[in-house]
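Reader: I would like the labels used for this model to be justified one by one. Please set each value against its cut-off.

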Amino acid sequence: MEINLTTKKLDNVKTDAVFFLMFEDNKKLEGELEKIDKALNGGVSDLIKLQKYKAEEGKFLIVPTLGKIKANYVAIVGLGKEKKFENDILRRVASYIIRKAKELKLSDIIIDTNLQQFENYDEVVQAITEGLILGDYSFDKYFSKKDEHKVKEVQINIPKNQDKDRLNEFVRIGKILAEAQNFTRDLVNEPANVINTIQFAEIAEKLAKEYGFEIKIYDEEEIEKMGMGAYLAVAKGSDNPPRFIHLTYRPKNSQGEIAIVGKGLMFDSGGLNIKTGDFMRWMKTDKSGACAVLGIFKAIGELKPDITVHGIVAAAENMPSGKAYRPDDILRAKNGVTIEVGNTDAEGRLTLADALSYASELKPDAIIDMATLTGACVVALGEFTAGVMGNNQKFINEILKTSEETGEWMWQLPFNNKLREQIKAPHADVYNVGTTRYGGAITAGLFLEKFVDPKIPWVHIDIAGPSHHTSGWYYHPKGATGIPVRTITWYLLKRSKFFDKIGK
Ligand code: BES
Ligand code: ZN
Ligand code: ZN
């Protein structure tokens, strides 16, 4: 699908469809209707009144063109009331439009933004671009019969007084971000019989070759030599050996250094504390954090911000077997902290313990980890919101602020000393589960805290909820969502002063 900007007068344009965007509570509605009437040769105001049309989010109103616009299909699409989240509304509505266009088997369409006074067209064109690409996504490679219809071109009609070259740059950024997110979705959606630890490492290697990243992949023996006893224990039960992956993006004019760590469980059966039926479904998505690392690297490989980024994944599979680790086992992580195993299904934090120790040794300016870590986080915040924790409030605030800009909902969960007491183990420095199930997302975060150098600002993002969805929402189809690729990439861009060059 091509996405282009245009500043056309719609009177004499030939296209399959035109979609006008309209807010529900727009005070200038009267004026707008006049404009639509003018564009379409009248009658629209009456139609809206007749149909009692309210421009609720994603609501379509088909309008007659009366011959003025040469399109088979012209519709008004509602943007709803939620002005505060204007960007994300546009992302969502663009996804509804592309799905409608596919349903109607249209090939060339125009999205017209001229009826609105948007404050910031950088954000408008970027958000529409992202929504189109994210909404167009489906994971259909294994269906014998596919819906092959593809929309060929979407033109975004913008006001004439806008700087088209500048806005084209934001279309480009939107494309890169959304395609990186789709890349992550593709990886997460692949089942564990297609992407195992070895194959995941190969994909990382291929990405490194394509974009010129440094890469080091450690095998089981090397992982043992590094003293990663917690991570190794998790991997032991599986016939697929662990692979520890360290990618580095190192630009010439680096303005700083960030490490991003992703939980990489290719499959989480629970191990000896095996999960029951329904809880084991979707556990191919337990590699979402790791796949987000690769998606973020794809995006920065394209956008080339001036900031050094380390991408770290301790890839493993959690399986029960005669070789599997057990409850009561005592493990020693890379940083020397000993861990007593309370439950083999709390395995993600064990792999992250060693990955975070490794990341800390690199002495970056900051560490971000992304992990499908706890069901408790989903209970606390619902399926659509990621939990954010960490050791530095300023850093946490920056990530939360960024998530508001990207529409990837995040919310902070508070650390406290009473919950810290709950991960004391009977016979080792720390337990891998809390003594109660309450606050399970937080006790998991507090466990990770033990493996991060306290001098390094660190943020932990629990994406167990929003990493995938069984039916999909907004611009996410069912399956993997690719969250939080856009938030972290956007944060890296801001932190690297990427936008100074464009003058944003
Ligand atoms: N991978 C799961 C967490 C998860 C749950 C991700 C639901 C996505 C959806 C994690 O390894 C796990 O099993 N956590 C346990 C921890 C418990 C044993 C303390 C959980 O949340 O039940
Ligand atoms: Zn688990
Ligand atoms: Zn897990």
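Author: What follows takes up a metal site, the cysteines and one strand. This is a predicted model, in which local features need pLDDT of at least 70 and side-chain atom pairs count only at pLDDT 80 or more, while totals for chains, interfaces and linings use all residues. Residues are numbered from 1 along each chain as its sequence is written, chains are lettered from A and ligands numbered from 1 in the order in which they are written, and side-chain values use heavy atoms, with hydrogens and water left out.

Reader: What makes Asp268, Asp345 and Glu347 donors of the zinc ion (ligand 2)?

Author: Donors are N, O and S atoms within 2.8 Å of the metal (3.2 Å for Na, K and Ca); water is not among the atoms, so sites may look incomplete. Asp268 (OD), Asp345 (O), Asp345 (OD) and Glu347 (OE) coordinate the zinc ion (ligand 2) at 2.0 to 2.2 Å.

Reader: Why is the arrangement around the zinc ion (ligand 2) called irregular?

Author: Four donors are tetrahedral if all angles lie between 85 and 135 degrees; four are square planar and six octahedral if opposite donors are over 155 degrees apart and all others between 65 and 115; anything else is irregular. The six donor atoms here subtend angles of 72 to 168 degrees, and the arrangement is therefore irregular.

Reader: Which residue coordinates both the zinc ion (ligand 2) and the zinc ion (ligand 3)?

Author: Asp268 does, and the two ions are 3.3 Å apart. Asp268 lies in strand S9 (residues 257-268), and Glu347, 79 residues away, in the loop between strand S12 (338-340) and helix H11 (348-361). Strands (E, at least two residues) and helices (H or I, at least four) are DSSP runs, numbered from the N terminus.

Reader: How do you know that Cys377 is in no bond with Cys291?

Author: A disulfide is a pair of cysteine sulfur atoms within 2.5 Å. The sulfur of Cys291 is the closest to that of Cys377, at 19 Å, and therefore too far for a bond. The whole structure has zero disulfides.

Reader: Why is Cys377 called buried?

Author: Buried means under 20% relative accessible area, exposed over 50%, partly exposed in between (1.4 Å probe, protein chains only). Cys377 has 1%, and therefore counts as buried. Cys291, at 1%, is buried too.

Reader: What makes strand S17 (residues 458-462) largely enclosed?

Author: Five of its five residues are buried, so the rest of the structure largely encloses S17. Trp458, His460 and Asp462 point one way and Val459 and Ile461 the other.

Reader: Which strands pair with S17?

Author: Two strands pair if DSSP finds at least two bridges between them. Strand S13 (residues 366-371) has five bridges to S17 and runs parallel; strand S14 (residues 386-390) has four and runs antiparallel.
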